[in-house]
Amino acid sequence: MNLLGLLFIFCARVLDVSLSTLRLLLLVKGKRLKAASIGFCEVSVYLVALSKVLQGGINSPWQVIAYAGGFATGNFIGSLLEERLVSGYALVEVIADGTPQALEAAELLRRAGFGTTVLRGEGRAGPRYILKIVCKRQEVDAVADVASQYGFIFISDVRNVWGGHFRIKHK
């Protein structure tokens with residue numbers, strides 16, 4: 001197989017796997033029609049790439065490298081596309097000791113413009129504060145920077161958001 005054929009296989013796999021990543025993300029977000037449309041394109045590209053690899057058999061390790069390299073690169077590019085194209089929200093929850101310092105963290109987050117809800121809870125070692133912050137996915141690191149020293153943090157994706165208080169970007 002010539003260099004042009006190997007490059008075709010590589011690029012087709014990059015495209016197909018990148019589309020696969022976007023399709024899965026759209027499915028999770030409930031955008032079925034867009035996901036189905038992308039899935040049609042994804043499988044079409046995949047079949048063309050696979051037929052090119054299998055045409056005449058795999059007789060060169062370069063074919064495997066082009067196919068596998070395209071797959072790996074497609075995963076990387078798909079994740080980059082996801083960060084840029086699929087906007088959304090995340091729920092950051094901080095489980096902190098039931099101390100005044102945890103309430104200070106809530107105030108710091110509020111001063112930074114993040115709506116922060118504080119709940120009282122009970123853990124194995126005593127009282128806890130649970131800080132709940134819904135923010136844009138791009139802002140998770142900023143929230144974590146403030147809250148990480150105060151307790152255990154976990155993050156989950158939020159499918160839809162209505163109402164509430166959200167940080168306003170100042171120009």
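Biologist: Which residues of α4 meet α5?
Modeller: A105, L108 and L109 in α4 meet V143, V146 and A147 in α5. To meet is to be in contact, that is, to have heavy atoms within 4.5 Å. This is a predicted model, in which local features need pLDDT of at least 70 and side-chain atom pairs count only at pLDDT 80 or more, while totals for chains, interfaces and linings use all residues. Residues are numbered from 1 along each chain as its sequence is written, and side-chain values use heavy atoms, with hydrogens and water left out.

Biologist: How do the residues of the contact of α4 with α5 divide?
Modeller: Into six nonpolar, no polar and no charged. Nonpolar covers Ala, Val, Leu, Ile, Met, Phe, Trp, Tyr, Cys and Pro; charged covers Asp, Glu, Lys and Arg; the others, Gly among them, are polar.

Biologist: How do the axes of α4 and α5 cross?
Modeller: They come within 9 Å and cross at roughly 145°. The crossing is right-handed: the near helix is turned clockwise from the far one by less than a right angle, whereas anticlockwise would be left-handed. Axes are lines fitted to C-alpha atoms over the stretch in contact, and angles run from 0 to 180 degrees between N-to-C directions.

Biologist: What makes a helix here, and where are α1 and α2?
Modeller: A helix is a DSSP run of H or I of at least four residues; a strand is a run of E of at least two; both are numbered from the N terminus. Helix α1 spans residues 3-28 and α2 spans residues 32-54.

Biologist: Why are α1 and α2 called roughly antiparallel?
Modeller: Their axes come within 8 Å and cross at roughly 155°. Over 145 degrees counts as roughly antiparallel, under 35 as roughly parallel, 65 to 115 as roughly perpendicular and the rest as oblique. So α1 and α2 are roughly antiparallel. Their crossing is left-handed. The contact of α1 with α2 has 16 nonpolar, three polar and six charged residues.

Biologist: Is E42 in helix α2 buried or exposed, and how do you know?
Modeller: Its relative accessibility is 9%. Buried means under 20%, exposed over 50%, and partly exposed in between, with a 1.4 Å probe and protein chains only. So E42 counts as buried. Leaving out residues up to four places away in sequence, E42 touches D16, L19, S20 and R23.

Biologist: What about G39 and Y46?
Modeller: G39 also lies in α2. At 13%, G39 is therefore buried. Y46 is in α2 too. At 29%, Y46 is therefore partly exposed. Beyond four places in sequence, Y46 is in contact with R13, D16 and Y67.

Biologist: What makes a nonpolar core, and which elements feed the largest one?
Modeller: A core is a set of buried Ala, Val, Leu, Ile, Met, Phe, Trp, Tyr and Cys residues joined through side-chain atoms within 4.5 Å. The largest has 17 residues, and V92, V94, L109, L131, I133, C135 and V143 touch the most other members. The elements giving two or more residues to this core are β1 (89-97), α4 (100-111), β3 (126-136) and α5 (140-147).

Biologist: What does V143 touch?
Modeller: V92, L109, F114, I133 and C135, not counting residues up to four places away in sequence.

Biologist: Where is V118, and what is in contact with it?
Modeller: V118 sits in strand β2, residues 117-123. Leaving aside neighbours within four places in sequence, V118 is in contact with L103, A106, R110, Y129, I130 and L131. A102 is 16 residues from V118 along the chain, and their C-alpha atoms are separated by 9.4 Å.
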